[in-house]
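Biologist: Before we discuss the fold, could you bring up the model so that we can go through the sheet, the helices and the cores together?

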Amino acid sequence: EFSSTSIDQAMQEKTIYGDAIKHYKQLADGEQAIAYCHSVEASKRTAESFREHGINAVHLDAKTPKKERDEIIQKFRDREIRILCNVDLIGEGFDVPDCSTVIMLRPTQSLSLYIQQAMRGMRYRPGKTSIIIDHVDNVRRHGLPDMEREWTSEGKKETKGKPEVPIRECENCYAVYSPKEKACPMCGHVPEVKEQKEYEVDE
């Protein structure tokens, strides 16, 4: 698993916080979202960055008093708060209202954690579209969260060089989807089919 220190070092030269706000506005403006961060400090900074751009965001962690936590959750339920930023608090067994959007700012090698977090935005509601904004390449490590998987007691096989699960990234809107799809399900873009050329080899 990635350590908090290694993630901090990787993000020092990045514009990840600005990108989080930019892509939220572009892809899910006005939607309620849960942002998963890698540390308490990063979660607080993420919430602060959203507020600086006029988007009401609040940080939660394990030390947040229960009364305050309940008030924050209720405000999120009442749509007074748009973004809930946390580390691993809003995971399995945590009662949080339905939301449509998940913002991933925490890379993980854990498939179960990835699915658990991604599914926070995928609870069924008529007419709902779930949006997962993955800034840390979790989808390339684990594939799409709703894809079929074969579970065994032997554990995951290690692969080198190539992603374990193939995905296709739309060159028009950057959405990722199954390579079985002929067109991007988000924007309808049809990728260009590149022909493989055969070359003669001189003997």
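The exchange below concerns a predicted model and takes up its sheet, its helices and its nonpolar cores.

Biologist: In what order do the strands of the open sheet lie, and which are the edge strands?
Modeller: The sheet is open and built from 5 strands with parallel pairing, in the order β2-β3-β1-β4-β5. An edge strand pairs on one side only, and that description fits β2 (57-59) and β5 (131-134).

Biologist: Which residue in β3 is the bridge partner of His59?
Modeller: Strand β3, which covers residues 83-86, pairs with β2 in the parallel sense over 3 bridges. For His59, the bridge partner in β3 is Cys85.

Biologist: Which strands does α5 lie across, and at about what angle does α5 run to β4?
Modeller: For helix α3 (residues 40-52), the strands lying beneath its course are β2, β3 and β4, and α3 runs at about 165° to β2. Helix α5, in turn, lies across β1, β4 and β5, and its angle to β4 is about 140°.

Biologist: Which elements give two or more residues to the largest nonpolar core?
Modeller: That core has 20 residues, and those with the most contacts inside it include Ile34, Phe76 and Met104. Two or more residues each come from β1 (33-36), α4 (66-77), β4 (101-104) and α5 (111-118).

Biologist: How many residues does the other core have?
Modeller: This core lies apart from the largest one, and among its members are Ala33, Ala35, Cys37 and Ile133. Its residue count is 19.

Methods. Residues numbered from 1 in each chain as written. Predicted model: local features only at pLDDT ≥ 70, side-chain atom pairs only at ≥ 80, totals over all residues. Heavy atoms only, no water. Core = buried A, V, L, I, M, F, W, Y, C linked by side-chain atoms within 4.5 Å. Buried < 20%, exposed > 50% of the residue type's maximum accessible area, 1.4 Å probe, protein only. Helix = DSSP H or I, 4+ residues; strand = E, 2+ residues; numbered from the N terminus. Pairing = 2+ DSSP bridges. Contact = heavy atoms within 4.5 Å. Axes fitted to C-alpha atoms, helices over the stretch in contact; angles between N-to-C directions.
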